[in-house]
Amino acid sequence: MSDPIPLMPDTSDSVGPALPGRVFVGTDKFATYEKLGADLIACAHDCVAKFGDFHFALSGGSTPFPFYQSLMTDPHYRSFPWTRTHLWIVDERRVPFDNALSNWGHIAQIFVGHSGIPDSQVHPMMATASDAAEQYEVLLHTCLGRRAPSEQRLDFVLLGMGDNGHTASLFPGTAVLDEQTKWVSYCDGPTVTPPPRVTMTYPLLNAARHVGVLALGVGKAEMIARVAIGKDDFHVLPILGVKPAEGKRGELVWYLDRAASTA
Ligand code: 6PG
């Protein structure tokens, strides 16, 4: 682990004010991971203090894995309240866990058996089941249902962004983008990177307390700039449908590095 990089202040100048929500641009990915981790652990302690638990939903893809690993190894996170944390999956590919494409297969290797999260609080998506989305939705309502109605929502959701503007497994031009009530559904079709998916939907994501979008590297810069211009509809760029702040009860933060924010 390199020495901590001086953190840049929160800034919305690097990409322009059009990115919805707050924008943090780290001098490099380590600074961005550090800011994301600081926000995550602060949210976790706040939720445990208020509700006795913390509901954290993780995305797959490649970008977040060094960050996930750091949560297990970096002394900064020694006080993380893992025993009170529920681990959720934002989306999953409909393959067995031992398939290299499985998000849970990779996430479990990092957190299960290393974090101290009780098995009863680790929630993989049984994505190969015919009723996978329905099963997961029941599990979410059961676990969140122990809270007061106004707080039955995810506390921290970490999203990525594909270079076509998808997030979670919400892909351009798919029916799930218009889901208004279900918290979990299915996504498949010509714009979906195979295999078919199970995914959290906008109703669940947009009810969350804190939604972070982690996008790093020059490969994300063009899409970040296009999102910042904001001329596209969310059916074209699904990341634009992520609006937790609309109900004034959540916040959206972009966690970028300089390479991703300078198209
Ligand atoms: C998935 C992810 C997906 C991911 C983006 C970005 O299951 O693939 O949930 O939404 O976050 O595709 O992926 P990278 O981080 O690899 O660019």
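## The largest pocket

In this predicted model, the largest pocket holds about 410 Å³ of space. Its lining is made up of 23 residues, and those closest to the centre of the pocket are G60, G61, M161, G162 and H166. Two elements give two or more residues each to this lining, namely strand 4, which covers residues 91-93, and strand 5, which covers residues 156-159.

The chemical character of the lining can also be described. The residues that line the largest pocket comprise 6 nonpolar, 12 polar and 5 charged ones. In general, empty space is revealed by rolling a probe the size of a water molecule over the atoms.

## The second largest pocket

The second largest pocket has a volume of about 150 Å³. Its lining consists of L177, D178, E179, Q180, Y202, P203, N206, F234, G241 and K243. When these residues are sorted by class, 4 are nonpolar, 3 are polar and 3 are charged.

## Surroundings of the ligand

Which residues come nearest to the ligand? There are 16 residues around the ligand, and S62, T63, R93, A168 and K220 come nearest among them.

Several contacts with oxygen atoms of the ligand can be described individually. In R93, a polar side-chain atom lies 2.7 Å from an oxygen atom of the ligand. The side chain of H166 has an N or O atom at 2.8 Å from a ligand oxygen atom; H166 is also one of the residues closest to the centre of the largest pocket. For G60, the contact involves the backbone: a polar backbone atom of this residue is 3.4 Å from an oxygen atom of the ligand. G60, like H166, is listed among the residues closest to the centre of the largest pocket.

## Cysteines without a disulfide

How many disulfides does the structure hold? The number is 0. The reason can be followed for C43 and C47. A disulfide requires two cysteine sulfur atoms within 2.5 Å. The closest cysteine sulfur to that of C43 belongs to C47 and is 4.1 Å away, so the two are too far apart for a bond. Seen from the other side, the sulfur of C47 has that of C43 as its closest cysteine sulfur, again at 4.1 Å and too far for a bond.

Are these cysteines buried or exposed? C43 counts as buried, because its relative accessibility is 11%, and the cut-off for a buried residue is under 20%. C47 is buried as well, with a relative accessible area of 0%.

## Backbone features at A168 and P195

Most residues other than glycine have a negative phi, and most peptide bonds are trans. Against this background, two places in the chain deserve attention. A168 is not a glycine, yet it has a positive phi of about 50 degrees. This residue is found in the loop between strand 5 and strand 6. A168 is buried, with a relative accessible area of 9%, and it is one of the residues that come nearest to the ligand.

The second place is the peptide bond from P194 to P195, which is cis, with omega near 5 degrees. P195 is found in the loop between strand 6, residues 184-187, and strand 7, residues 197-200.

## Positions and distances in the fold

Separation along the chain and separation in space are two distinct quantities, and three pairs of residues may illustrate them. H86 lies in strand 3, which covers residues 85-89, and it is buried at a relative accessible area of 5%. H86 and F56 are 30 residues apart along the chain, and their C-alpha atoms are separated by 6.1 Å.

F171 is placed in the loop between strand 5 and strand 6, where A168 is also found. With a relative accessibility of 0%, F171 counts as buried. Between F171 and F97 there is a separation of 74 residues along the chain, and their C-alpha atoms are separated by 22 Å.

Is N99 buried, partly exposed or exposed? At 28% relative accessibility, N99 counts as partly exposed. Its place is in the loop between strand 4 and helix 3, the latter covering residues 103-111. N99 and L140 are 41 residues apart in sequence, and the distance between them in space, C-alpha to C-alpha, is 25 Å.

Note on methods: Residues numbered from 1 in each chain as written. Predicted model: local features only at pLDDT ≥ 70, side-chain atom pairs only at ≥ 80, totals over all residues. Heavy atoms only, no water. Buried < 20%, exposed > 50% of the residue type's maximum accessible area, 1.4 Å probe, protein only. 1 Å grid on protein atoms, 1.4 Å probe; cavity = no way out; pocket = protein on both sides within 12 Å on 5 of 7 lines; lining within 4 Å. Points joined across faces, edges and corners; volume = space filled by probe spheres on them. Helix = DSSP H or I, 4+ residues; strand = E, 2+ residues; numbered from the N terminus. Nonpolar A, V, L, I, M, F, W, Y, C, P; charged D, E, K, R; others polar. Near = heavy atom within 4 Å. Polar contact = N/O pair within 3.5 Å; in protein donor to acceptor, adjacent residues only side chain to side chain.
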